[in-house]
Amino acid sequence: MQVLLTGGAGYIGSHTALCLLNAGHQVVALDNLNNSSPEALRRVEELTGKKAPLIVGDCTNEATVTSVFEQYKIDAVIHFAGLKAVGESVVKPLDYYQNNLDATMTLCRVMPKFGCKVLVFSSSATVYGTNQEMPLREDFPTGCTNPYGWTKWISERILTDVAHADPTRSFVLLRYFNPIGAHESGRIGEDPTGIPNNLMPYICQVASGKLDHLRVFGNDYPTKDGTGERDYIHVMDLAEGHLAAIEFAAKHEGVEIFNLGTGIPYSVLDIVRAFEQANGLKIPYEITPRRPGDIAVCYADPKRARDTLHWQAKRDLTTMCHDAWNWQKHNPQGYGK
Ligand code: NAD
Ligand code: UD1
């Protein structure tokens, strides 16, 4: 298949591009480079020996998206493009609603003009809101606590309604848990701008000496050691989940939702220890108050993806920590943008 990856130069998009190319598919990326570098896809080409063309443009612009479909015979879309910083979304909600929702709606409008019915969407475990019961199953109630989360929730709603209006469409909504790590080569990885918000990139910058120490946000949660527990998934496992999802979607109609997680919760201190052991490094940390908006525990029931997509995460926590650091130590300035 020829697959359009919106946001294909980003962290998850670039790893998925590599995975699709290695599986014999063709890719084209549409990315406005708002949070990424063209170097990521250049390195994907270097690793695969195959073309990963990048069109620099905005997915909210109907003329731009139309011209991509005119230029390439697109069989399916994986829609990664979006703004993703939770804190920023609270400060600039309109930017988030406009970018993330317009992008989804623009794709929905343009795709059928070219007979393209298949779309895989990057959703997030954040749509489960403050659900208490774990593990989280796809049929649990949803609801969000910040504008970023609502853009995912509303995009899911839009895609569901559009697929109901045209039952020949095939949409797969993937709810990611916490992607970390990098391709084993250390050539592509996560390249956050500024001080990272998320745990693993923060730890990597402490390990490299860029940041002084980790702040562990709270040790008074009702968890085994008091620190927050999450479902960390290797980004290459996540990428392979997209391959399974796109191949499934091409043979189905209607809307399907899948969690992409491992089903295993690890605490912040588990991650610190695993990182130290995997890489022979010390991560200094201090316990600080809870981060506002954080929940105690969040992990997936991964059964539906296993049974229906025949996909499950394979890489363990040691591999995730090793690969995250391998990328960071070889690319201390990320892609150097
Ligand atoms: P990323 O920022 O690395 O990638 C997103 C890409 O989209 C970037 O390259 C950015 O430049 C591009 N982009 C943003 N708006 C665009 C627009 N209007 N037109 C064209 N390109 C645009 O983020 P990521 O971690 O690779 O995340 C990919 C998707 O997965 C996002 O939708 C994100 O919300 C979602 N997601 C990510 C995580 C995570 O922890 N990384 C978790 C759950 C869901
Ligand atoms: C974040 C996003 C969420 C997104 C998810 C997926 C926020 C508030 N939420 O959630 O919307 O779906 O990523 O990747 O950004 N921690 C520390 N110190 C740090 C950073 C994090 O102790 O410097 C802790 C957090 O309190 C949490 C865990 O580490 O318990 C993971 O944090 P993070 O990587 O930010 O992910 P989430 O909170 O799950």
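**View 1. Polar contacts of ligand 1, centred on K152.** In this predicted model, an N or O atom in the side chain of K152 lies 2.8 Å from an oxygen atom of ligand 1. The side chain of N99 likewise places an N or O atom 2.8 Å from the ligand, here facing a nitrogen atom of ligand 1. The backbone also takes part, since a polar backbone atom of N34 is found 3.0 Å from an oxygen atom of ligand 1. Of the 810 Å² of accessible area that ligand 1 has on its own, the protein covers 95%.

**View 2. The shell of residues around ligand 1.** There are 26 residues around ligand 1, and those that come nearest are D31, N35, S36, F80 and Y148. Sorted by class, this shell is made up of 13 polar, 9 nonpolar and 4 charged residues. At least two shell residues are supplied by each of three elements, namely the helix α1 (11–22), the strand β5 (118–124) and the helix α6 (147–165). The greatest share comes from β5, which gives 3 residues to the shell around ligand 1.

**View 3. Polar contacts of ligand 2 with S124, R215 and R291.** The side chain of S124 has an N or O atom 2.8 Å from an oxygen atom of ligand 2. A polar side-chain atom of R291 is likewise 2.8 Å from an oxygen atom of ligand 2, whereas R215 is represented by a polar backbone atom, which lies 2.7 Å from a nitrogen atom of the ligand. On its own, ligand 2 has 730 Å² of accessible area, of which the protein covers 86%.

**View 4. The shell of residues around ligand 2.** This close-up takes in the 21 residues around ligand 2, of which S124, R215, R230, R291 and D294 come nearest. In terms of residue class, the shell around ligand 2 comprises 11 nonpolar, 6 polar and 4 charged residues. The strand β7 (178–180), the helix α7 (199–207) and the strand β8 (214–217) each provide at least two of the shell residues. Among the contributing elements, β8 gives the most to the shell around ligand 2, with 4 residues.

Methods:
Residues numbered from 1 in each chain as written. Chains lettered and ligands numbered in written order. Predicted model: local features only at pLDDT ≥ 70, side-chain atom pairs only at ≥ 80, totals over all residues. Heavy atoms only, no water. Near = heavy atom within 4 Å. Polar contact = N/O pair within 3.5 Å; in protein donor to acceptor, adjacent residues only side chain to side chain. Areas by Shrake-Rupley, 256 points an atom, 1.4 Å probe, with all protein chains shown as cover. Nonpolar A, V, L, I, M, F, W, Y, C, P; charged D, E, K, R; others polar.
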